[in-house]
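Me: Please take a close look at how aromatic rings pair up here, and then follow the thread outwards into the rest of the fold. I would like one connected account, with the cut-offs spelled out.

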Amino acid sequence: MFNKNIALEQVQQWNKNTIGEQLGIEYLEIGEDSLTARMPVDRRTHQPFGILHGGASVVLAETLGSLSSFLLLPDVTKQQAVGLDINANHIRAVKSGWVYGKSTPIHIGRTTHVWEIKITNEEGKLVCISRLTMAIITL
């Protein structure tokens, strides 16, 4: 489903000088129809009470969904994927370690893509579930 000519190392390079780099997001796997990354739970991603900030979870979710849509575009010189809507349900607090996000498609259309992003802790327990709608625009 994804563009097979794009390697994980290239995706990681796109992270340079972005909010993803600032938060320590690392890409782990490009699957057949999924993208997986991890993000540290530390001073960069904590809220004032010492747990993972919900906004950081949303950044991870939108980053994964946006890149997933980008990996589907046939010609990035003619199209771009931009966020249209995102929601997130925060299920469980995390104080330290890593969280892992995985995007999977719900709908892949000509003008919109909808992604489900599940974020789990190191034990595999659900931390956040998000749905992201991407608009596919012509440049």
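Reply: In this predicted model, there are 2 aromatic pairs, where rings of Phe, Tyr and Trp (the six-membered ring for Trp) pair if their centres lie within 6.5 Å, and planes under 30 degrees apart count as stacked, over 60 as edge-to-face and the rest as tilted. One of them is the stacked pair of Phe-2 and Trp-115, with 6.3 Å from centre to centre and 20 degrees between the planes. Phe-2 belongs to the segment before α1 and Trp-115 to strand β5 (residues 112–120), so this pair ties together parts that lie 113 residues apart in sequence. Helices here are DSSP runs of H or I with at least four residues, strands are runs of E with at least two, and both are numbered from the N terminus. The relative accessible area of Trp-115 is 0%, so Trp-115 is buried; Phe-2, at 4%, is buried as well. Buried stands for under 20% relative accessible area, exposed for over 50%, and partly exposed for what lies in between, with a 1.4 Å probe and protein chains only.

The other pair is Trp-14 with Phe-70: their ring centres are 5.0 Å apart and their planes meet at 85 degrees, so this one is edge-to-face. Here too distant parts of the chain are linked, since Trp-14 sits in helix α1 and Phe-70 in helix α3 (residues 54–72), 56 residues apart. Phe-70 is buried at 18% relative accessible area, while Trp-14, at 31%, counts as partly exposed.

A word on how to read all this. Residues are numbered from 1 along each chain as its sequence is written, and side-chain values use heavy atoms, with hydrogens and water left out. Since the model is predicted, local features need pLDDT of at least 70 and side-chain atom pairs count only at pLDDT 80 or more, whereas totals for chains, interfaces and linings use all residues.

Just past Trp-14 in α1 comes the loop between α1 (8–14) and α2 (19–23), the place of Asn-15. At 4% relative accessible area, Asn-15 is buried. The side chain of Asn-15 reaches the backbone oxygen of Ile-25 at 2.9 Å, a polar contact (a pair of N or O atoms within 3.5 Å; within protein, one must be able to donate a hydrogen and the other to accept it, and residues adjacent in sequence count only if both atoms are side-chain atoms). Leaving out neighbours within four places in sequence, Asn-15 is in contact (heavy atoms within 4.5 Å) with Gly-20, Glu-21, Ile-25 and Tyr-27. Asn-17 is found in that loop between α1 and α2 too, yet Asn-17 is exposed at 74% relative accessible area. Its phi is near 60 degrees, a positive value in a residue other than glycine. Most residues other than glycine have a negative phi.

Tyr-27, one of the contacts of Asn-15, leads us to the strands. Strand β1 (residues 26–30) pairs with strand β2 (residues 35–41) in the antiparallel sense over 4 bridges; for two strands to pair, DSSP must find at least two bridges between them. A hairpin of 4 residues joins β1 to β2. Tyr-27 stands opposite Ala-37 in β2, and Glu-26 has Arg-38 in β2 as bridge partner. On the other side of the pairing list, β2 runs antiparallel to strand β4 (residues 97–108), joined by 7 bridges, with Thr-36 opposite Lys-102 in β4. Of the 7 residues of β2, 6 are buried, so this strand is mostly covered.

Arg-38 brings us back to aromatic rings: it lies over the face of Trp-98, at 3.6 Å from the ring centre. A charge sits over a ring if NZ of Lys or CZ of Arg is within 6 Å of the ring centre and within 35 degrees of the ring normal.

Stepping back, the chain has 3 helices and 6 strands, in the order α-α-β-β-α-β-β-β-β. Its radius of gyration, 14 Å, is close to the 14 Å that the globule rule gives for 139 residues, so the chain is as compact as a globular protein of that length. That radius is taken over C-alpha atoms, and the rule is 2.2 Å times the number of residues to the power 0.38. Buried residues make up 39% of the 139.
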